[in-house]
Structures are given as structure tokens and as C-alpha cells.
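Biologist: I'd like to quiz you on the labels you use. Please put the model up before we start.

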Amino acid sequence: MGILGLSKLIADIAPGAIKERELKHYFGRKIAIDASMCLYQFLIAVRSEGAQLTAADGETTSHLMGIFYRTIRLVDQGIKPVYVFDGKPPDLKGGELAKRAEKREEAQKLLQAAEEAGNAEDVDKFNRRLVKVTKTHSEEAKQLLKLMGIPFVDAPCEAEAQCAALVKGGKVFATATEDMDALTFGCDVLLRRLTFSEARKMPVQEFHFNKVLEGLELNKDEFIDLCIMLGCDYTNSIKGIGPKRAIELIKTHKSLEKIIEKLDTKKYTIPEDWNYKQARLLFKEPDVADVNDIELKWSEPDEEGLVQFLCGDKQFNEERVRSGAKKLYKARNTTTQGRLDSYFKVLSTPSSNPQKRKIEEKKGSAKKGKTAGNSKFRGKAK
């Protein structure tokens, strides 16, 4: 779920915190990607005639197709992705997971009714609501990434928290996810839309955490309390308080404790046994692996291994798989050098000596004149 309404609130109040970039802007960058979010997107979006793509044995392959081709697209743009997979969810998230299970159960009933009525549009809608990323999906994705030479990290708990730790630890440049709670975990740079397909030609949204705090006029602790008020995965929010009212209250009272103390409980309903303190602690001190113990290594793809894994029973096209492997191999040998070249361009610095600077400027003018003359000469000599 992430943080409800946070992206719109930032866009409205702190638009300077958001930059829009083309994908090529991230050439040579190492980026941590929320794997579960990607798999969910692929399971919903990669469909054939309204149904999931499947292997010969009937098992779903939509997630593998999505990971394979989307990763190649990113690598082809010079991006160095590292996928981060969710671990065990925190106990505090149990309520949110229970709600999701209830929604899937309700969707199953509505799907059956839609099928009986022959309503194709509703059938597709409720099928999407039943999509769930399973352990099998994740394990198959890891196997594929290993064959592609792409590193992945198993988070002990929440993937977004581990992604944020990788950014803060300097292991990667940014986190790519659609869930805004990566910012609540203190991620310095958050990228949305990075993993969108080419069909959805939208610029990447780049959120800078320090600019978010500056634009909202909040410190880190106040921002976390704001996110809890907006609605997160770990606890219920106060009924009747929307994003604009929430930030007004935070700016006025500075903390949830003070807000509760001053709030008109006849107008606003505070959840019974509201566990906001535990939620706050999860955001401030999440369970993450020490980034100093994590080694990120991009290696050459195993072309034959990819063919063996994806073709045959999984029914991928062998020619396209081999073509993808070659793109991965080529990108691995060009990305790093390209980024280094752009970083280490030699820039001339004007001399601090006034007399010497005049001589340099005269030399520069003479050189320009000579170049212009040569250009004219070359233009005539055809």
C-alpha cells in the first residue's frame, strides 16, 4: 500500500522535491529495485487474451517474461539494477495482510458472479484483484536473475527498508518503487515509473528526501508521524483527517502525542489501541541487513543456462532469449566505462593571475578565428 496520498501532497506543497527525468539520465547508475512490486506489476500487466502467460504445465510465466525483458531494457539504457526481495513481514503488518486477504476473498466471489453473467470487463478487473506474488514467483525470479548476471538481495524484512539502507550506505544511487514508504524509511532518492513499460511513455519521477523535508517544512521525525497519519501498512489512521489537515496538525503540534492530546475526539475518531509508536519505531529502526556485508556484483549472463531455463517447457522463444543474453553481455562491457568517461572530462579553469588570463583569452580568440577559417575552407573543398 505504501503511504496514502503522499505523492500528491508532495506534488502540491513541495513540487521542487520532484524532478522528471528521461530513462537515459540514469546511465551507469546502480539502482535498487523493489522486486515484489515489479513482480506484482508483471503478473497484472503481462497478459495474453485476458489470462496469465503460462508454461506447458500450466504454471504462470508472466513474472519471468516481465523480469527478463524489463531488466534487459534497463541494462540496455546503461542502468545497473539490483533487485531486493521481501523477507518476513513485521508482526505489525499482520492487520494489513489480513485486509488484503479479505479483499481477495471478496474479489473471488465477485469474479464468480461476473463469469456467470458473462461480463468480460468485470472478469478481468476481479482477476487482477486476485493476483498475489508467491514464494515460487520470487524464487523463479531469483533463478532467472542469477542466470542473467544481475545481483539480488534477500531482505530480512521489508524490501523498501533494505533499499533505503542500500542508498544511505552508498551502495546504490536510488530506490525504484511505486511505494512511497521508501521515503519514510529515509531513502535519499526515490524513483517512480522507472520500471514502467515502453507502452507507458512517462518520464521517471525522482523524489529527493532532503527537498521533500525542506518543501514540507518538516524534520525527519515529523515526516514519519505525518506518514503514519496519512495511512501506512502498520497501523490504522485517524478517521476524518485527510492529507492537508494532517500536515497542518503536524506543523502545529510537531508530534502525534501532542496531536492526540489536543484533538477534538468528537469530530475525529482515534483508533482504539492505536499502535503508532510501534509503527514509528519500525520506520526509524527497520530490520535490515548490514550494507557493509552486501557485495553487489554484475556478472556475464549464462546464455545456455537462460535458454535451458526459459525455453522448452516455459515456451520462451529461443532466438529472442539468445538476443537478450547478447544485449546483457554487450551492456556489461560498456556501461561502466561510459559513466567514467562522463565523470572524468577535463575542464579548463581560468587563471587567477589577471595578466596571464588576458594572454589565455587572446590565445583563445586567435584559436577560434583559426578554427572558423578552417571551417570555411573545409566547406569549399568538396
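Modeller: Helices here are DSSP runs of H or I with at least four residues, strands are E runs of at least two, and both are numbered from the N terminus. Right after α11 comes Lys254, with a positive phi, near 75 degrees. Mind that this is a predicted model: local features need pLDDT of at least 70, side-chain atom pairs count only at pLDDT 80 or more, and totals for chains, interfaces and linings use all residues. Residues are numbered from 1 along each chain as its sequence is written, and side-chain values use heavy atoms, with hydrogens and water left out.

Biologist: Why is Ile72 called buried?

Modeller: Buried means under 20% relative accessible area, exposed over 50%, and partly exposed in between, using a 1.4 Å probe and protein chains only. Ile72 has 8%, so buried is the word for it. The residue sits in helix α3 (residues 62–76).

Biologist: Which residues does Ile72 contact, leaving aside neighbours within four places in sequence?

Modeller: Contact means heavy atoms within 4.5 Å. On that test, Ile72 touches Met148, Gly324, Lys327 and Leu328. Leu328 is 256 residues away along the chain, yet the two C-alpha atoms are separated by 6.4 Å.

Biologist: Left-handed or right-handed: how does α10 pass α11?

Modeller: A crossing is left-handed if the near helix is turned anticlockwise from the far one by less than a right angle, right-handed if clockwise. This one is right-handed. As for the angle, axes are lines fitted to C-alpha atoms, for helices over the stretch in contact, and angles run from 0 to 180 degrees between N-to-C directions. The axes of α10 (residues 220–230) and α11 (residues 243–253) come within 10 Å and cross at roughly 145 degrees.

Biologist: How do you know that the buried Ala246, Ile247, Leu249 and Ile250 are on the same side of α11?

Modeller: The arc is taken from the directions that run from the helix axis to the C-beta atoms. Theirs spans only 160 degrees, which puts them on the same side of α11. Their cover includes α1 (6–13), α9 (209–216), α10 and α12 (256–262).

Biologist: What makes β1 and β6 edge strands?

Modeller: Strands pair if DSSP finds at least two bridges between them. In the open seven-stranded sheet, ordered β1-β9-β8-β7-β2-β5-β6 with mixed pairing, β1 (18–21) and β6 (152–154) each pair on one side only.

Biologist: How many bridges join β2 and β7?

Modeller: Three, in the parallel sense, between residues 30–34 and 174–176, and Ile31 has Ala174 as its bridge partner in β7.
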